[in-house]
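Please open the structure in your viewer and keep the sequence beside it, so that each selection can be checked in both places. The tour moves from one selection to the next, with a short account of what is there each time.

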Amino acid sequence: MEKNKLLKVINEISPIFPFKNYLNDNGIIRPKYFYIYKLIKNKFSGSETILDFGSGLNDLSAILKKLNFNIEAYDDCNDDWYKIDKNLEKLRTFSNQINLKFYENIQELFKSKKKYEIILLLDVLEHVPTPKKFIYDVINFLEQNSYIIITVPNSVSLRKRISVFFGKTNYASYSEYFEEEPFRGHWREYSLDDILYLAKKINFEIKHLEGINAIVPRNKFLFFIYIKFKFLYNYLIKIFPSLSDTICVILKKN
């Protein structure tokens, strides 16, 4: 029932979403939409104020907004992509069209003096070269007894272990790291132990921690394996969460 509700909303957004073929990854609706929606639905009341920090194309923010969550979005929009083909203007227009409050400047967000009950940091931390300063800046926007939901790529996932076995890297593409100036890729990916350490250092309580499969492979062979053995893979990470492609944690500020 909830899945059908989510699919209905995605189908409503698709015609007005300005970035074609993004809501679908390799022909599959992005798994993170279902996972994050279900997580918030099951763990919270649904009335909380939410900030999607590092919202990217505002795709998930838009979906949650259409599902009547009280959500706002922020992204610094510093990637070169935003400057191409008037992409930033398209993003602004789309956000206004669905009545989503969208901050493009961190100072504007600070000046608003708003506090939120949930902050989403979805696939953001891996792009941050100085996580200590970053995470404390984010905490400033949280109410007391509120939550951060974090997802990060797992640095020791099953796929990456196989890659290392065959002599390949488990880091992000070296060509991207070498060529891109300034670099906006993955400075560091995370393991379960890293997340435990992070929670301890910022003195937040872990309310939920699990491994999930949220990444659809682009490689044709890996995509074939993903489609054929997805259920087996999902079952495997229930037993061994450290093999998942993505780690999700809910941290509570006390």
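Begin by selecting Ile-50 together with Ile-118 of strand 6, since in this predicted model these two residues stand opposite each other. They belong to a stretch where strand 3 and strand 6 run parallel, joined by three bridges. Now colour the whole of strand 6, residues 116-122, and look at how much of it is covered: six of its seven residues are buried.

Next, move to the other neighbour of strand 6, which is strand 7, and follow the six bridges over which these two strands pair in the parallel sense. A useful pair to select here is Tyr-116 and Leu-142 of strand 7, which stand opposite each other. Strands of a sheet pair through backbone hydrogen bonds, either parallel or antiparallel.

What is the sense of pairing between strand 7 and strand 9, parallel or antiparallel? If you select residues 142-153 for strand 7 and residues 246-252 for strand 9, you will find the two paired in the antiparallel sense over seven bridges. Within this pairing, Thr-151 stands opposite Cys-248 of strand 9.

With these pairs in view, show the whole sheet, which is open, has seven strands in the order 5-4-3-6-7-9-8, and has mixed pairing. Its edges are strand 5 (102-103) and strand 8, each of which pairs on one side only. Then add helix 2, which packs on the sheet and touches strand 3, strand 6, strand 7, strand 8 and strand 9. The direction of helix 2 makes about 150° with that of strand 8.

Helix 2 also leads to the next stop, the second largest pocket, which holds about 830 Å³ of space. Its lining has 27 residues, and to find the centre you can select Pro-31, Phe-34, Tyr-35, Asn-213 and Asn-234, which are the closest to it. Which helix gives the largest share of this lining? That share, nine residues, comes from helix 2, while helix 1 (2-13), strand 2 (28-29), strand 8 (205-212) and helix 10 (220-239) are also among the elements that each supply at least two residues. If you colour the lining by residue type, it divides into 14 nonpolar, five polar and eight charged residues.

Now select Lys-160 in helix 7, residues 158-165. Is this lysine buried or exposed? Lys-160 counts as buried because its relative accessibility is 18%, and the cut-off for buried is under 20%. Apart from its neighbours within four places in sequence, Lys-160 is in contact with Pro-153, Asn-154, Ser-155, Asn-170 and Glu-189.

The last stops concern the backbone. Most residues other than glycine have a negative phi, and most peptide bonds are trans. Select Asn-58, in the loop between strand 3 and helix 3 (59-66), where phi is positive, near 60°. Then select Asn-99, in the loop between helix 4 (87-97) and strand 5, where phi is also positive, at about 65°. The surroundings of these two asparagines can be compared through their accessibility: Asn-58 counts as buried at 0%, whereas Asn-99 is exposed, with a relative accessible area of 59%.

Finally, go to Pro-182, in the loop between helix 8 (174-179) and helix 9 (192-202), and look at the peptide bond that joins Glu-181 to Pro-182, which is cis, with omega near -10°.

Note on methods:
Residues are numbered from 1 along each chain as its sequence is written. This is a predicted model: local features need pLDDT of at least 70, side-chain atom pairs count only at pLDDT 80 or more; totals for chains, interfaces and linings use all residues. Side-chain values use heavy atoms; hydrogens and water are left out. On a 1 Å grid over the protein atoms alone, a cavity is a set of points where a 1.4 Å probe fits but cannot get out, and a pocket is an open set with protein on both sides within 12 Å along at least five of seven lines; lining residues have an atom within 4 Å of a point. Grid points are joined across faces, edges and corners, and a volume is the space filled by probe spheres set on the points. Helices (H or I, at least four residues) and strands (E, at least two) are DSSP runs, numbered from the N terminus. Ala, Val, Leu, Ile, Met, Phe, Trp, Tyr, Cys and Pro count as nonpolar, Asp, Glu, Lys and Arg as charged, and the others, Gly among them, as polar. Two strands pair if DSSP finds at least two bridges between them. Contact means heavy atoms within 4.5 Å. Axes are lines fitted to C-alpha atoms, for helices over the stretch in contact, and angles run from 0 to 180 degrees between N-to-C directions. Buried means under 20% relative accessible area, exposed over 50%, partly exposed in between (1.4 Å probe, protein chains only).
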